[in-house]
Amino acid sequence: MKTKTIFFCRSCGNESPKWVGKCPSCGEWNSYAEETLVTGKAGKPAGQSRYGERPQPLLVKDIVSEKETRINLQSTELNRVLGGGLVPGSLVLIGGEPGIGKSTLMLQVALALENRKILYVSGEESQQQIKMRAERIGIKNENCYILTETDTQQIIHHVGQLQPEIIIIDSIQTLHTEQVEATAGSISQIRESAAEMNKLAKTTHIPVVLIGHITKDGSIAGPKILEHMVDAVIQFEGDRHYGFRILRAVKNRFGSASELGIFEMHANGLREVTNPSEILLSQREENVSGVAISAMVEGLRPMLIETQALVSTAAYGTPQRSGTGFDLRRLNMLLAVLEKRAGFRLSSKDVFLNIAGGLRVDDPAIDMAVIAAILSSAEDIPISSKTAFAAEVGLSGEIRAVNRIEARISEADKLGFERIFISKFNSKGLDQHKFQIEIVPVTSVNKLFAGLFG
Ligand code: TYD
Ligand code: MG
């Protein structure tokens, strides 16, 4: 048995035989930590492992192709984010800040799956605590086992005995393996434990879901270094002030990485929000200026979401710009476009922008709604709540086409909107007779202003 000292980057997991100030891999400063590694432990004879027979090389034509059968998790939102259910033998990481609801989500899934043998391993809470939580959520599955264990070898042993259909590990940071000699939660422990869970999943075909904590500043190593080891990374995020929780696929080997699931936290667990437009269009009175509704698409799903802007005269020399749920640089860019290309004097104004529901939006199609909300607030003229927008705005003030325009229009149509502004380039080849909603094609920010308030 050999021990050696090795340095790991806490940010990206890069390893180095000596300490370095700046990580050559991710550029982070002062992120290296020292850890002791024990290597060359009790070697196994070739062809064997403690997981059973080792795989042998096979000709492609000899590999029996299995029909991919996914495990339906009885949760529309989670199934969709995973790309249609949980793939047997896959290793999935659910990451999120402490307290966001990761344990609740996975326990809820485990308890809702009737007649599926599930092993929920917790290194964070006692069996009593989990029982209390389970009672709040409601127990449908009589076959859900709770194990409080942090030793990977023990977990592997119980998996062998129990033969569960799904394994949930809460959390990866609490696991430790005797393969490496470092404290639980350290980078080499997390990495090695995850590697063992991966082996377990791949050799037994039982899917393993790892729960992982990430802190706001990302200082604690964990999920980040695991990203390339797992098949799918699902991020659970949300704003503590709203009850909404958003599940986002960051990486998915078995599906699209742009899917989104929305939940709402209640006293008895998480409720799925299957019609997000309902909540993202906040209840408001008609005739308020500064509000515009965007028809956006997240993953495959179109949804309508409210953007709110407040433009006011700056009290101090430097005007304030702030965006909640929207990229600040993009907001500054849009303001510059309004100033330079459309002649709106906004440089001496404070501009605040807010996306409803605490959602963070990356879809560029929200641009036109942002511009419309800002113009509406600056001019103090309300926009009808039956009007929606879906287009990107370019640097010269041109209104650009966006993808999946038909899905956006038909969602707005379905929800009873009367008018939707889109890019002229999107209106070409569009069968407008399919929709009841009036489609207004525009080419520039100036034309949008004229169309709205002219
Ligand atoms: P938790 O799942 O423990 O978060 P994580 O595992 O991500 O750290 O739960 C987070 C919060 O959710 C906690 O503050 C309590 C709250 N909660 C509810 O509001 N309703 C519930 O039914 C449960 C189980 C928890
Ligand atoms: Mg937890």
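Which residue has a side-chain N or O atom 2.5 Å from an oxygen atom of ligand 1? Select Thr-104, for the N or O atom in question belongs to its side chain. The model on the screen is predicted, so that local features need pLDDT of at least 70 and side-chain atom pairs count only at pLDDT 80 or more, while totals for chains, interfaces and linings use all residues. Residues are numbered from 1 along each chain as its sequence is written, chains are lettered from A and ligands numbered from 1 in the order in which they are written, and side-chain values use heavy atoms, with hydrogens and water left out.

**First stop: ligand 1**

Keep ligand 1 in view and add the backbone of Ala-267, where an N or O atom lies 2.8 Å from a ligand oxygen. Next add Ile-100, which has a backbone N or O atom 3.3 Å from an oxygen of ligand 1. Taken alone, the ligand exposes 550 Å², and the protein buries 75% of that; such areas come from the Shrake-Rupley method with a 1.4 Å probe, and for residues only the protein chains shown count as cover.

Now select the shell of 15 residues around the ligand, where a residue is near if one of its heavy atoms lies within 4 Å. Gly-99, Ser-103, Thr-104, His-266 and Gly-269 come nearest. Three elements give two or more residues to this shell: α2 (102–112), α3 (127–137) and β13 (260–266). Of the elements, α2 gives the most, with three residues. Helices (H or I, at least four residues) and strands (E, at least two) are DSSP runs, numbered from the N terminus.

**Second stop: Glu-237**

Move to strand β11 (residues 232–238) and select Glu-237. Is this residue buried or exposed? Glu-237 is buried, because its relative accessible area is 17%; buried means under 20%, exposed over 50%, and partly exposed in between (1.4 Å probe, protein chains only).

Display Arg-248 and Arg-360 as well. The side chain of Glu-237 makes a polar contact of 3.0 Å with that of Arg-248 and another of 3.3 Å with that of Arg-360. A polar contact is a pair of N or O atoms within 3.5 Å; within protein, one must be able to donate a hydrogen and the other to accept it, and residues adjacent in sequence count only if both atoms are side-chain atoms.

**Third stop: helix α4**

Select residues 152–162, which form helix α4. Its buried residues are Thr-152, Gln-153, Ile-155, Ile-156, Val-159 and Leu-162. The cover over them includes β7 (118–122), β8 (144–147), β9 and α5. At the start of the helix, a side-chain oxygen of Asp-151 reaches to within 2.9 Å of the backbone nitrogen of Gln-153. Just after the helix, Gln-163 takes a positive phi of about 50°.

**Last stop: backbone angles**

Most residues other than glycine have a negative phi, and most peptide bonds are trans. Select Gln-74, whose phi is near 60°, in the loop between β5 (52–53) and α1 (76–81). Then go to Asp-380, with a phi near 55°, in the loop between α9 (367–379) and β19 (387–390). Gln-74 counts as exposed at 52% relative accessibility, and Asp-380 counts as exposed at 57%.

Finish at the peptide bond from Asp-170 to Ser-171, which is cis, with omega near 0°. Ser-171 is found in the loop between β9 (166–170) and α5 (187–204).

Key: Contact = heavy atoms within 4.5 Å.
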